[in-house]
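Open the structure in your viewer and set it to a cartoon view. The tour below goes stop by stop, with a selection at each one.

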Amino acid sequence: GESLMGMRFILASQSPRRKELIGHLGIKYHVMPSYAEEISNKIDPVLFSLEIAKIKAYDILEKTKATKDLIVSADTI
């Protein structure tokens, strides 16, 4: 289902908490978890999480070849 001006809203996570938060927006979304290897050499926890979130988002982008979709990815520490 399309949800945002023809874009699919893709949640790159199976996290129940993230699904709950996105659900509060009242829009349709697709769950498409990333199984990319989560490796970073960053020491700073914020930079580490940011890098892992980017890895997950790019993994989903590569799988979908989506150019119009909105991919939401996050990482927690």
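Begin by selecting Phe48, then show the residues around it. Leaving aside residues up to four places away in sequence, Phe48 touches Ser40, Lys42, Asp75 and Ile77; a contact here means heavy atoms within 4.5 Å. This is a predicted model, in which local features need pLDDT of at least 70 and side-chain atom pairs count only at pLDDT 80 or more, while totals for chains, interfaces and linings use all residues. Residues are numbered from 1 along each chain as its sequence is written, and side-chain values use heavy atoms, with hydrogens and water left out.

Stay on Phe48 and colour its helix. Phe48 lies in helix H2, residues 45-64 (helices are DSSP runs of H or I with at least four residues, strands are runs of E with at least two, and both are numbered from the N terminus). Is Phe48 buried or exposed? Phe48 is partly exposed, at a relative accessible area of 25% (buried is under 20%, exposed over 50%, partly exposed in between, with a 1.4 Å probe and protein chains only). Now draw a distance from Phe48 to Thr76: their C-alpha atoms are separated by 9.5 Å, with the two positions 28 residues apart along the chain.

Next, select Asp75, in the segment after strand E3 (70-72). Apart from residues up to four places away in sequence, Asp75 touches several residues, among them Arg18, Glu38, Ser49 and Ile52. Add Lys56 to the selection: the side chains of Asp75 and Lys56 make a polar contact at 3.3 Å. That term stands for a pair of N or O atoms within 3.5 Å; within protein, one must be able to donate a hydrogen and the other to accept it, and residues adjacent in sequence count only if both atoms are side-chain atoms.

Move to the strands. An open sheet of three strands has the order E2-E1-E3, with parallel pairing (two strands pair if DSSP finds at least two bridges between them). Strand E2 (30-31) and E3 stand at the edges with a single partner strand each, so one side of each has no neighbour in the sheet. Select strand E1 (residues 9-11), which is joined to E3 by three bridges. Ile10 has Ile71 in E3 as its bridge partner.

Finally, zoom out to the whole chain. Two helices and three strands make up its secondary structure, in the pattern β-α-β-α-β along the sequence. The C-alpha trace spans about 40 × 25 × 20 Å along its principal axes. Of the 77 residues in the chain, 27% are buried.
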